[in-house]
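Let's take a walk through a protein model together. Have the 3D view open, and we'll go from the overall framework down to a few individual residues.

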Amino acid sequence: MFDTLRKSITEIINDNGGNATKKMRDICTLLRDSVTYYDWVGFYFKNGDRRELKLGPYAGEPTDHTIIPFGKGICGQVAVSNENFVVPDVSAQDNYIACSLTVKSEIVVPLFKNGENIGQIDIDSNTPDPFTQEDERFLEWVNQKVAEIL
Ligand code: SME
């Protein structure tokens, strides 16, 4: 499955029409539609010089959390740690921002441009404990491809 998705994402990235925002939105939609346990897929980016994240393109239910301070929630922690954060059970997390009551698990993978952590991909799942190292490697690859067009 991830191999097929890699091909489709490469096509989206290399497409001549559309800007980076549209391409990222298309990638979010593709991932949400293709992976059964990806229920909300979005990008957050550092908001200028502020120590906060701003919601970018996403697919899924609209969220109230369009701005997340560094350090807050899973996303805010990844902005500071520069490391993947896999949460098998969100109810076991103290520092967690709930977007929807149906969400059981989450994965956040930082996005680096020229070695700098400029944002992240965030995926919420309604399935408990679905993420494996395959998801991590795949999402790291997605972020590398996206960094090429930023
Ligand atoms: N759950 C995230 C907030 C973002 S929403 O999932 C879209 C967090 O704890 O940082």
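What follows starts with the sheet, moves on to the helices and the ligand, and ends with two side chains.

Keep in mind that this is a predicted model. The framework to look for is an open sheet of six strands, and if you read across it, the order is E3-E2-E1-E6-E5-E4, with antiparallel pairing. At the edges sit strand E3 (67–69) and strand E4 (85–87), each of which has a pairing partner on one side only. The sheet isn't flat either: on average, neighbouring strands are turned by 25° against each other, ignoring direction. As a bit of background, strands in a sheet pair through backbone hydrogen bonds, and they can do so in a parallel or an antiparallel way.

Now put your finger on E1, residues 40–46. This strand is mostly covered, with six of its seven residues buried. On one partner, E6, the antiparallel pairing runs over six bridges; with E2, also antiparallel, there are five bridges. Phe-45 is a handy landmark here, as Phe-45 stands opposite Gly-119 in E6 and opposite Lys-54 in E2. Carry on to E2 (residues 52–59), which is joined to E3 by three bridges, again antiparallel. Lys-54 turns up once more, this time standing opposite Ile-67 in E3.

Between E1 and E2 the chain makes a hairpin with five residues in between, and Gly-48 in that turn has a positive phi of about 60°. Asn-47 is in this loop too. What does Asn-47 touch, leaving aside its neighbours within four places in sequence? Its contacts are Glu-52, Lys-54 and Ile-67. With Glu-52 there is a polar contact, side chain to side chain, at 2.6 Å.

Next, the helices. Helix H4 (residues 133–148) packs on the sheet, where H4 touches E1, E4, E5 (105–113) and E6 (116–125), and the direction of H4 makes about 35° with that of E5. Helix H3 covers residues 73–81, and its buried residues are Gly-73, Ile-74, Cys-75, Gly-76, Val-78 and Ala-79. Among the elements covering them are E1, E2, E3, E4, E5 and E6. Just past the end of H3, Asn-82 takes a positive phi of about 65°.

Some of those H3 residues come back when you look at the ligand. Gly-73, Ile-74 and Cys-75 are among the residues around the ligand, and so are Trp-40, Tyr-44, Ile-97, Asp-122 and Asp-124. Zoom in on the polar atoms and you'll find a backbone N or O atom of Ile-74 lying 2.9 Å from a ligand oxygen. A polar backbone atom of Ile-97 is 2.8 Å from a nitrogen atom of the ligand. Asp-124 uses its side chain instead: one of its polar side-chain atoms lies 2.8 Å from an oxygen atom of the ligand. How much of the ligand does the protein bury? Taken alone, the ligand exposes 310 Å², and the protein buries 100% of that.

Last stop: Lys-145, back in helix H4. Is Lys-145 buried or exposed? Its relative accessible area is 15%, so Lys-145 counts as buried, given that the cut-off is under 20%. Not counting residues up to four places away in sequence, Lys-145 touches Thr-10 and Ile-13.

Definitions and conventions
Residues numbered from 1 in each chain as written. Predicted model: local features only at pLDDT ≥ 70, side-chain atom pairs only at ≥ 80, totals over all residues. Heavy atoms only, no water. Pairing = 2+ DSSP bridges. Helix = DSSP H or I, 4+ residues; strand = E, 2+ residues; numbered from the N terminus. Axes fitted to C-alpha atoms, helices over the stretch in contact; angles between N-to-C directions. Contact = heavy atoms within 4.5 Å. Buried < 20%, exposed > 50% of the residue type's maximum accessible area, 1.4 Å probe, protein only. Near = heavy atom within 4 Å. Polar contact = N/O pair within 3.5 Å; in protein donor to acceptor, adjacent residues only side chain to side chain. Areas by Shrake-Rupley, 256 points an atom, 1.4 Å probe, with all protein chains shown as cover.
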